Amino acid sequence: MRIVYKHFVVHPQQATIPALAACAADKQGKFHQMYELIWEKGFNAGRNLSQENMDKLAGEVGLNMQKYKADMEGDCKNIIRQDQQQLASVGVGGTPAFFVNGRFLSGARPPEQFKALIDEELKKANDRVGKEGTTASNYYQKWVMEKGKKSL
Amino acid sequence: MMIKKQEETNNLLRDMGKGGGRGMGAATGGAQAGGERKRPDPNEVYAVPAVGASVGPKDAKVTLVEAFDFA
């Protein structure tokens, strides 16, 4: 299974700076380290999601600070805007929200519900791969991106 | 092989549920944008680009996209 993280900033005053910081960390291949630290030493530490704290965490992760700051001010703003637009167009209105091979599941659900949907989609994929030019590599493009609804 | 894959999936599910009130199975209502919204139909397939930070193989048969924010 592959998990893809997309930004959907619901509370911009609070969550934009950490979103930009996580994006900038991703640009240096360190998204997960930064993501974990933002929750642990930012959100769970009195919701300290300030620029100052994000910079400190970026240093802990070992980011190139010059590139980190440039990405926060540059490309990451576009990436977050684009993620937000893509998700809003298919009806996302809050977080967390999930799509399993394009099928929606809102957050705050027991893991069993995720497992059931994942198993269902895996079975479908196993049935389709090897037929009509479908491979594991092109499965998402062919069955989710090409056949899926582009908006609500 | 199948057992190993199942274990990997279970581990991912567990990891997603860890910490804070975030991720799959989190016991929180999460954050909502204001106003009444039409929600996606869980029986439909939506073309959500799988572009962004990710974990797991690019040729996985199941791709889970998570919309998240730090709030």
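The exercises below, each with a worked solution, concern a predicted model of chains A and B.

**Exercise 1. Chain B in outline**

State which elements chain B has and in what order they run from the N terminus.

Solution. Start with the count: chain B holds one helix and three strands. Then read along the chain from the N terminus, which gives the order α-β-β-β. For burial, 39% of the 71 residues in chain B are buried.

**Exercise 2. Strand β3 of chain B**

Determine whether the two faces of β3(B) are covered or open, and find its partners in chain A.

Solution. Step one is the burial of each residue, where the cut-off is 20 or more other C-beta atoms within 10 Å. On one side, B:Thr63, B:Val65 and B:Ala67 are buried; on the other, B:Leu64, B:Glu66 and B:Phe68 are buried too, and both faces are therefore covered. Because six of the six residues of this strand (residues 63-68) are buried, β3(B) is largely enclosed by the rest of the structure.

Step two is the pairing. Strand β1 of chain A (residues 2-7) runs parallel to β3(B), joined by six bridges. Strand β3 of chain A (residues 97-100) pairs with β3(B) in the antiparallel sense over four bridges.

Step three is to look at B:Val65. This residue is the bridge partner of A:Val4, and A:Phe99 also stands opposite B:Val65.

**Exercise 3. A further pairing of β1(A)**

Find how β1(A) runs relative to strand β2 of chain B, and name the bridge partner of A:Tyr5 there.

Solution. Three bridges link β1(A) with β2(B) (residues 53-55), and the two run antiparallel. Within β2(B), A:Tyr5 has B:Ala53 as its bridge partner.

**Exercise 4. Domains and core of chain A**

Identify which helix gives the most residues to the largest nonpolar core, and which domains of chain A it draws on.

Solution. Take the domains to begin with: chain A is divided into domain 1 (12-89) and domain 2 (97-145), with C-alpha centres 28 Å apart. The core has 60 residues, and those touching the most other members are A:Leu20, A:Ala21, A:Ala22, A:Met34 and A:Ile38. Helix α1 of chain A (residues 12-26) gives the most, nine residues. At least three residues come from each of the two domains. For A:Ala21, contacts beyond four places in sequence are A:Met34, A:Ile38, A:Met54, A:Ala58 and A:Met72.

**Exercise 5. The contact between the chains**

Describe the side of chain A that touches chain B by element and by class.

Solution. The contact takes 68 residues from chain A and 50 residues from chain B. Helix α6 of chain A (residues 111-128) supplies the largest share of the chain A side, eight residues. By class, that side has 39 nonpolar, 17 polar and twelve charged residues.

Notes: Residues numbered from 1 in each chain as written. Chains lettered and ligands numbered in written order. Predicted model: local features only at pLDDT ≥ 70, side-chain atom pairs only at ≥ 80, totals over all residues. Buried ≥ 20, exposed ≤ 12 C-beta atoms within 10 Å, placed from the backbone. Pairing = 2+ DSSP bridges. Core = buried A, V, L, I, M, F, W, Y, C linked by C-beta atoms within 7 Å. Domains from an automatic or database assignment. Contact = placed C-beta atoms within 7 Å. Nonpolar A, V, L, I, M, F, W, Y, C, P; charged D, E, K, R; others polar.
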